[in-house]
Amino acid sequence: MLVETCVKTIELREYAKKLGYDEVLSEDKYDSRYRLSLELSSKEELAKYIRKIKDNKVILFVKPLSFEAFKYSLQSPKVAALILDRKNIGLIGKKGSLNLIRQAKKPVEIQLKNLEVDVIYKVIQWNKWIEYPILSSCASKFNEIWSPLSKFSLLVTLGANESDALKWIYNNPTLLIGNYDRTTTY
């Protein structure tokens, strides 16, 4: 099963399915389950926001901007995945932080909307610490959706071996959805 873990509106589902995806997580609340992306810099803000979530259809993705928010995101069972980009790669790029990610076994999402090749390259290099990386289109228009083959080609071009690239595209998003289905206790 192929899963695209981020599109902005439910209307893009049809286009994603034509590209080969079986399931799509959108940020529309009108779907049977949807994703919510948060960018927070303090543990208190994150804890407060998580307490407000009462909808069991939400899959929560967090981009932590401070070390405290990062640690809280890893510890919270309600946070499904971390978002990694240039804003917060400095937090996560330390060995202690990478070890925390490995211990928590949280997926780490890299969004392809702004194609930050250096971030993708770093995550490929950190493969032994980050067990569940995910590439997401985060498309707001149909022409921004990345096909599975394009994602695969990008990863292999940047130095990932083919089996890891397939794992990132096929297995990890499916595991994320499977973990959500087993742990929906809000």
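This report walks through some local features of a predicted model, from aromatic rings to a buried lysine.

## Aromatic rings

Let us start with the rings. The count of aromatic pairs comes to two. In the pair formed by Phe-67 and Phe-70, the ring centres are 5.8 Å apart and the planes meet at 35°, so this pair is tilted. That angle falls in the tilted class because stacked planes must be under 30 degrees apart and edge-to-face planes over 60.

Both phenylalanines belong to helix H3, which covers residues 67-75, and they sit three residues apart, about one turn of the helix. An α-helix has 3.6 residues a turn, so residues three or four places apart point the same way. How exposed or buried is each partner? Phe-67 has 34% relative accessibility and counts as partly exposed, whereas Phe-70, at 0%, counts as buried.

Another ring has a charged neighbour: Arg-35 lies over the face of Phe-61, at 3.7 Å from the ring centre.

## The two sides of helix H7

Helix H7 spans residues 148-157, and here Pro-148, Lys-151, Leu-154 and Leu-155 are buried. Looking down the axis of H7, you will find these buried residues within an arc of 125°, so they line one face of the helix. Leu-149 and Thr-157 are exposed on the other side of H7.

What happens to the backbone just after H7? There, Gly-159 adopts a positive phi of about 115°.

## A buried lysine between H5 and S6

Now for a residue worth a visit in your viewer. Lys-106 is part of the loop that runs between helix H5 (95-104) and strand S6 (108-111). Lys-106 is buried, yet it has no salt bridge. Which side chain of opposite charge is nearest to Lys-106, and how far away is it? It is Glu-109, at 13 Å. A salt bridge needs the side-chain nitrogen within 4 Å of a carboxyl oxygen, so Glu-109 does not supply one.

What does the side chain of Lys-106 reach instead? One contact is with the backbone oxygen of Ser-76, at 2.7 Å. The backbone oxygen of Ser-73 is also reached by this side chain, at 3.4 Å.

The loop between H5 and S6 is also the place of Lys-105. Lys-105 has a positive phi of about 55°, although it is not a glycine.

## Two further loops

Moving along the chain, Leu-115 sits in the loop between S6 and helix H6 (117-125). Although Leu-115 is not a glycine, its phi is positive, at about 25°. Its relative accessible area is 34%, so Leu-115 is partly exposed.

Asp-85 can be found in the loop between strand S5 (79-84) and helix H4 (89-92). Is Asp-85 buried or exposed? With 13% relative accessibility, Asp-85 counts as buried. A polar atom of the Asp-85 side chain lies 2.9 Å from the backbone nitrogen of Lys-87.

## A look across the chain

Finally, here is a pair of residues for a wider view. Lys-52 belongs to helix H2, which covers residues 43-52. At 55% relative accessibility, Lys-52 counts as exposed. How far apart are the C-alpha atoms of Lys-52 and Ser-153? They are separated by 40 Å, and the two residues are 101 residues apart along the chain.

Methods
Residues are numbered from 1 along each chain as its sequence is written. This is a predicted model: local features need pLDDT of at least 70, side-chain atom pairs count only at pLDDT 80 or more; totals for chains, interfaces and linings use all residues. Side-chain values use heavy atoms; hydrogens and water are left out. Rings of Phe, Tyr and Trp (its six-membered ring) pair if their centres lie within 6.5 Å; planes under 30 degrees apart count as stacked, over 60 as edge-to-face and the rest as tilted. Helices (H or I, at least four residues) and strands (E, at least two) are DSSP runs, numbered from the N terminus. Buried means under 20% relative accessible area, exposed over 50%, partly exposed in between (1.4 Å probe, protein chains only). A charge sits over a ring if NZ of Lys or CZ of Arg is within 6 Å of the ring centre and within 35 degrees of the ring normal. The arc is that of the directions from the helix axis to the C-beta atoms. Lys and Arg count as positive and Asp and Glu as negative; His and the chain ends are not counted. A polar contact is a pair of N or O atoms within 3.5 Å; within protein, one must be able to donate a hydrogen and the other to accept it, and residues adjacent in sequence count only if both atoms are side-chain atoms.
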